[in-house]
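Here's a quick tour for anyone meeting this structure for the first time. Have a look at the fold below, and then we'll go through how its pieces fit together.

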Amino acid sequence: MSARSGIGYDSHRLEAGRRLVLGGVEVPGAERGLVGHSDADALTHAIIDALLGAAGLGDIGQHFPDTDEQWRDADSLDLLSQVCVFLEEHDFTVTHIDATVICEAPKLGPFRDEMRTTLAATVGVSARQVNVKFTTNEGMGPVGRGEGIAAQAVATVERA
């Protein structure tokens with residue numbers, strides 16, 4: 001087997017009246033949520049791009065374009081599940097995911113384990129194969145001003 005890695009990045013604006021979903025987990029009590037064509041789960045989107053990149057199979061926009069009404073309000077975990085089936089069809093196995101969410105608020109540490117287990121269950125790996133970290137942008141730029149949330153991920157896959 002040969003291992004391959006890919007990088008993913010996503011960001012979305014925050015807006016009042018939206019629910020905040022990251023890593024497939026709804027963050028209760030969040031005053032604002034992410035805006036996007038789907039559920040705007042930036043963490044899951046970054047992971048999808050990392051997985052597709054590792055396999056050399058394009059990006060999230062190619063597979064789930066925001067110009068297609070089929071994907072409006074889509075659950076990003078469903079998209080991730082579809083990507084994992086696509087990877088299997090191309091003989092790839094996910095071996096590791098490492099992701100970082102960048103935001104000023106809310107504090108996400110209490111949701112880390114639920115995000116890890118939710119993402120791992122969707123991908124079909126153990127929670128030990130999924131790492132999720134959180135940081136701020138130290139007040140710099142749009143994310144630092146609290147205008148949005150960004151996420152980046154690295155995924156490793158192996159091909160049989």
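## The sheet

Two strands count as paired if DSSP finds at least two bridges between them. What you're looking at is a predicted model, and one of its features is an open sheet of five strands. Read across the sheet, the order is E4-E1-E7-E5-E6, and the pairing is mixed.

So who sits at the edges? Those spots go to strand E4 (32–34) and strand E6 (130–135). Each has a single partner strand, so one side of each is left without a neighbour in the sheet. From one strand to the next, the twist averages 20°.

## Where E1 meets E4

Strand E1 (residues 2–16) and E4 run antiparallel, with three bridges joining them. To find your way around here, look for Ala-16, which stands opposite Arg-32 in E4.

The sheet also has a helix packed on it: H1 (residues 42–55). This helix touches E1, E4, strand E5 (92–102), E6 and strand E7 (148–159). The direction of H1 makes about 155° with that of E1.

## Two helices crossing

Now over to helix H3 (residues 76–89) and helix H4 (residues 112–123). Their axes come within 8 Å and cross at roughly 40°, which means that H3 is oblique to H4.

Which residues make the contact? H3 brings Leu-77, Leu-80, Ser-81 and Cys-84, while H4 brings Thr-118, Leu-119, Thr-122 and Val-123. Sorted by type, the residues of this contact between H3 and H4 come out as five nonpolar, three polar and no charged.

Conventions:
Residues numbered from 1 in each chain as written. Predicted model: local features only at pLDDT ≥ 70, side-chain atom pairs only at ≥ 80, totals over all residues. Heavy atoms only, no water. Axes fitted to C-alpha atoms, helices over the stretch in contact; angles between N-to-C directions. Helix = DSSP H or I, 4+ residues; strand = E, 2+ residues; numbered from the N terminus. Parallel < 35°, antiparallel > 145°, perpendicular 65-115°, else oblique. Contact = heavy atoms within 4.5 Å. Nonpolar A, V, L, I, M, F, W, Y, C, P; charged D, E, K, R; others polar.
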